[in-house]
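The following note sets out several points for consideration alongside the model. It deals with one helix, a surface patch and the charged pairs.

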Amino acid sequence: MNDCLFCKIAAGQIPSKTVYEDEQVYAFYDIDPQAPTHFLVIPKKHVSCLDECTEEDEALLGHMLLTAMKLAAEQGLENGYRIVINTGDDGGQTVKHLHMHVMGKRSMNWPPG
Ligand code: 5GP
Ligand code: ZN
């Protein structure tokens, strides 16, 4: 998946502002933040979207969610935050590599119209 933007970001081939990294996941600040705190958590392996996940990815998905939760706490989002996974064209997914948005520090209109 040499052409995938987020694979390149996870591999350090395209610069990003790192929030966290371990063997399975990479977290970095969104380039176009929709909230004062807005970062993305992605798997290092290429998974194009949530619908591509199988039971084999159960542990990975759990790890992504727990990582997002821990990072939210570290980022001072003690009053709460939103986690969003846009999936597929109708879900508004623009980058075809699975990612969780973590957004906080502002009350936002939700759900979107
Ligand atoms: P989606 O709409 O696919 O759920 O979200 C993709 C997100 O990736 C958007 O919020 C967009 O701002 C972010 N994004 C796109 N390209 C880059 C990039 O090159 N660097 C970073 N840090 N974020 C990006
Ligand atoms: Zn990828």
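**Notes on helix H2, its surroundings and the salt bridges**

1. The buried residues of helix H2 are Leu60, Met64, Thr67, Ala68, Leu71 and Ala72. They fall on the same side of H2, because the arc they cover around the axis is only 135 degrees. An α-helix has 3.6 residues a turn, so positions three or four places apart point the same way. It should be kept in mind throughout that this is a predicted model.

2. The other side of H2 carries exposed residues, namely Glu58, Ala59, Lys70 and Ala73. Read together with the buried set, these residues give the helix a covered side and an exposed side.

3. Which strands help to cover the buried residues of H2? The cover includes S1 (18–21), S2 (25–29), S3 (37–43), S4 (81–84) and S5 (100–104).

4. As to its geometry, H2 comprises 17 residues, from 58 to 74. The distance from its first C-alpha to its last is 24 Å, close to the 24 Å expected at 1.5 Å a residue. Just after the helix, Gly76 adopts a positive phi of about 80 degrees.

5. A nonpolar patch on the surface is formed by Leu65, Leu66, Met69, Tyr81 and Ile83, whose accessible area together is about 420 Å². H2 and S4 are the elements that contribute two or more residues to this patch. The largest share, 3 residues, comes from H2.

6. Met69 deserves a separate remark. This residue is located in helix H2, and its relative accessible area of 41% makes Met69 partly exposed, because that value lies between the limits of 20% and 50%. Met69 and Tyr81, both members of the nonpolar patch, are separated by 12 residues in sequence and by 9.2 Å in space, C-alpha to C-alpha.

7. How many salt bridges are counted in the model? The count comes to 3. In one of them, the side chains of Lys44 and Glu21 meet at 2.8 Å, N to O. Lys44 belongs to the loop between S3 and H2 and Glu21 to strand S1, so this pair ties together parts that are 23 residues apart in sequence. Lys44 is partly exposed at 28% relative accessible area, and Glu21 is also partly exposed, at 44%.

8. Another salt bridge joins the side chains of Lys45 and Asp57, at 2.7 Å from N to O. Both residues lie in the loop between S3 and H2, 12 residues apart. Is each partner buried or partly exposed? Lys45 is partly exposed, with a relative accessible area of 44%, whereas Asp57 is buried, with a relative accessibility of 5%. Asp57 counts as buried because its value is under 20%.

9. A salt bridge is also formed between the side chains of Lys96 and Asp89, with an N to O distance of 2.9 Å. Lys96 counts as partly exposed at 39% relative accessibility. Asp89, by contrast, is exposed, with a relative accessible area of 66%; this assignment follows because the value is over 50%.

Conventions
Residues are numbered from 1 along each chain as its sequence is written. Chains are lettered from A and ligands numbered from 1 in the order in which they are written. This is a predicted model: local features need pLDDT of at least 70, side-chain atom pairs count only at pLDDT 80 or more; totals for chains, interfaces and linings use all residues. Side-chain values use heavy atoms; hydrogens and water are left out. Helices (H or I, at least four residues) and strands (E, at least two) are DSSP runs, numbered from the N terminus. The expected span of a helix is 1.5 Å times one less than its number of residues. Buried means under 20% relative accessible area, exposed over 50%, partly exposed in between (1.4 Å probe, protein chains only). The arc is that of the directions from the helix axis to the C-beta atoms. Contact means heavy atoms within 4.5 Å. Patches are made of residues with over 30% relative accessible area and no salt bridge: like charges are joined within 9 Å, nonpolar side chains (Val, Leu, Ile, Met, Phe, Trp, Tyr) within 5 Å. Accessible areas come from the Shrake-Rupley method with a 1.4 Å probe; for residues, only the protein chains shown count as cover. A salt bridge is a side-chain nitrogen of Lys or Arg within 4 Å of a carboxyl oxygen of Asp or Glu.
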